[in-house]
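Biologist: I should like to learn how to read the features of a protein model. May we go through them one at a time?

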Amino acid sequence: MSQIRPRGAVAPLRRPALSSRRPSVDAVVAALRPEEPLHCLRPQAVTTAARAFTAAFPGDVLYAVKCNAEPTMLRAIAAGGVAHFDCASEAEVRLVRSLFPEAAIHFMHPVKARSAIRNAWQQHGVRDFVLDTDDELTKILQETGGGDLGLVVRLALPKGNAAYDLSGKFGATPVEAAALLRAARPHAARLGLSFHVGSQCLDPAAWTRALVLAAEVIAVAGVAVEIVDVGGGFPVAYPGSEPPALAAFMEAIRAGAALLPEGVRLWAEPGRALVAGGASVVVQVQSRRGDALYVNDGVYGALSDAGAPGFRFPHRLLRLDGAAAEMTRVFTLFGPTCDSADVMRGPWTLPADVAEGDWIEIGQLGAYGTALRTAFNGFDRAHVTEVSDSPMLATPGYEVAAPARAA
Ligand SMILES: *Cc1c(COP(=O)(O)O)cnc(C)c1O
């Protein structure tokens, strides 16, 4: 049997030895002068976001592990009061169980390998499984032992206006979902209905509309339902995309939940909202050609969402030797691989004299940044460090970092 290098098998992030446990980004760059991407983790920001979400949400909060599975981030989320994890693969289940022997793990991928269901149930104590077809219900019933089994039916939603539409791939229609609830009821110690409005959804009313539909499906099914899972999709701020406050989303959820049968417990599966502020990546400019900057990370690294999906990220120039120009200019970034799709159009506003050797810190990359790195073209080496800086939020124009002094 031949072995190929799995796409996900990227080089481990390397932790440089630094004198202070949590230095500033500027201090790390000054000490390291990194020629490879530098991931700057802010676990304290993740704990703060997790604490705010668990305090505001009227039910159980399940962290969607795929968004960022770094153990440092998972521990920061747990420190913020999150005791439930939404996993989509056996590897995610194993990772979460290795870190948190007591955590409740929920297997929320509607199409699972039989071995993944069996091992999750037998070896890792997973008790809740999602499904959107009769076939998956049969698989789950055959591979688990009955008893304390939680079954959650995933409901498809009409296409909404989230940045990422998640309606095209999974989910049962309302009619199918009602039939699945009836079919699952006799086997379930807990029965639930779930949906996902789409990722980075800026419209709180999307949750109210989804809950109205969920209430209708439950009424049509005519069976008792213990859980309604309102999914993820809670947005964060990016340049040009300023979401309403978290409270507006909670209000919209309460309004919709009022239509559900008495006693239904709510779950949510936030990913992005908990971890986005938890990491930035410092890239280095390796070449400038007019308005194009060739940098050492790109869409096959931590900047996937800055490519075709067209997300914009807060950013700032870091120059160690001397001040940068006050005039700004708009640039396009190219990543290090040979693929012409490795381009991030931004626009990136930076000092007009940005040059080879400068660094750019790019913020809000804790969500779907590190998690999407690949080893394509050999560009998988990166440093990681924990920093004391606050999250980099949407910046209007640009800020130039004060030149950091090497110790
Ligand atoms: C990706 C995903 C999430 C997390 O979505 P965010 O937009 O990051 O909050 C939650 N639930 C399911 C089923 C998902 O696929």
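Modeller: The discussion below takes several features in turn. Please keep in mind that this is a predicted model.

Biologist: Let us begin with an annotated residue. Which residue does the UniProt annotation "modified residue: N6-(pyridoxal phosphate)lysine" cover?

Modeller: In the unreviewed UniProt entry, that annotation covers Lys66. Such annotations may be inferred rather than shown by experiment. In the model, lysine 66 is placed in the loop between strand 2 (60-64) and helix 3 (71-79).

Biologist: Why does lysine 66 count as partly exposed?

Modeller: A residue is called buried under 20% relative accessible area and exposed over 50%, with partly exposed in between. Lysine 66 counts as partly exposed because its relative accessibility is 47%. Leaving aside neighbours within four places in sequence, lysine 66 is in contact with Glu92, Tyr368 and Ala371.

Biologist: How does one find empty space in a model?

Modeller: Rolling a probe the size of a water molecule over the atoms shows where empty space is left. Here, the second largest pocket has a volume of about 270 Å³.

Biologist: Which residues line the second largest pocket?

Modeller: Lys66 is one of them, and the others are Asn68, Ala69, Glu70, Ser89, Ala91, Glu92, Leu95, Thr370 and Ala371. This lining divides into four nonpolar, three polar and three charged residues.

Biologist: Let us turn to polar contacts. Which side chains make a polar contact with that of aspartate 128?

Modeller: A polar contact pairs N or O atoms within 3.5 Å. The side chain of aspartate 128 has such a contact of 2.9 Å with that of histidine 106, and another of 2.7 Å with the side chain of arginine 190. Aspartate 128 belongs to strand 5 (residues 128-131) and counts as buried because its relative accessibility is 7%. Not counting residues up to four places away in sequence, aspartate 128 touches Ile105, His106, Phe107, Gly150, Arg190 and Trp267.

Biologist: Is arginine 316 buried or exposed?

Modeller: Arginine 316 is buried, for its relative accessible area is 10%. This residue, arginine 316, lies in strand 12 (residues 315-318). Its side chain makes polar contacts with the side chains of aspartate 26, at 2.7 Å, and glutamate 361, at 2.6 Å.

Biologist: What does UniProt list for residues 282-366?

Modeller: The unreviewed entry lists "domain: Orn/DAP/Arg decarboxylase 2 C-terminal" for residues 282-366. Over this stretch the chain is 0% helix and 42% strand, and the end C-alpha atoms are 13 Å apart.

Biologist: How should one describe the packing of a helix?

Modeller: One may list its buried residues and then ask what they touch. In helix 5 (residues 114-123), the buried residues are Ala116, Ile117, Asn119, Ala120 and Trp121. They pack against helix 4, strand 4 (104-107), strand 5 and helix 6 (134-143). Helix 5 is followed by glycine 125, which has a positive phi near 70 degrees.

Biologist: What separation in space do cysteine 40 and methionine 392 have?

Modeller: Their C-alpha atoms are separated by 11 Å, with the two positions 352 residues apart along the chain. Cysteine 40 is placed in strand 1 (residues 38-41), and its relative accessible area of 0% makes this residue buried. Leaving aside neighbours within four places in sequence, the contacts of cysteine 40 are Val25, Gly278, Ala279, Ser280, Val282, Thr385 and Val387. For alanine 88 and proline 43, by contrast, 45 residues apart in sequence, the C-alpha atoms are 23 Å apart.

Biologist: Finally, what should one look for in the backbone angles?

Modeller: Most residues other than glycine have a negative phi, and most peptide bonds are trans. Glutamine 364 is not a glycine, yet its phi is positive, about 60 degrees. Tyrosine 368, also not a glycine, has a positive phi of about 55 degrees. Glutamine 364 and tyrosine 368 are both found in the loop between strand 15 and strand 16. Glutamine 364 is buried at 3% relative accessibility, and tyrosine 368 is buried at 14%.

Biologist: Which peptide bond is cis?

Modeller: The bond from glycine 346 to proline 347 is cis, with omega near 5 degrees. Proline 347 lies in strand 14 (residues 343-351).

Notes:
Residues are numbered from 1 along each chain as its sequence is written. This is a predicted model: local features need pLDDT of at least 70, side-chain atom pairs count only at pLDDT 80 or more; totals for chains, interfaces and linings use all residues. Side-chain values use heavy atoms; hydrogens and water are left out. Helices (H or I, at least four residues) and strands (E, at least two) are DSSP runs, numbered from the N terminus. Buried means under 20% relative accessible area, exposed over 50%, partly exposed in between (1.4 Å probe, protein chains only). Contact means heavy atoms within 4.5 Å. A polar contact is a pair of N or O atoms within 3.5 Å; within protein, one must be able to donate a hydrogen and the other to accept it, and residues adjacent in sequence count only if both atoms are side-chain atoms. On a 1 Å grid over the protein atoms alone, a cavity is a set of points where a 1.4 Å probe fits but cannot get out, and a pocket is an open set with protein on both sides within 12 Å along at least five of seven lines; lining residues have an atom within 4 Å of a point. Grid points are joined across faces, edges and corners, and a volume is the space filled by probe spheres set on the points. Ala, Val, Leu, Ile, Met, Phe, Trp, Tyr, Cys and Pro count as nonpolar, Asp, Glu, Lys and Arg as charged, and the others, Gly among them, as polar.
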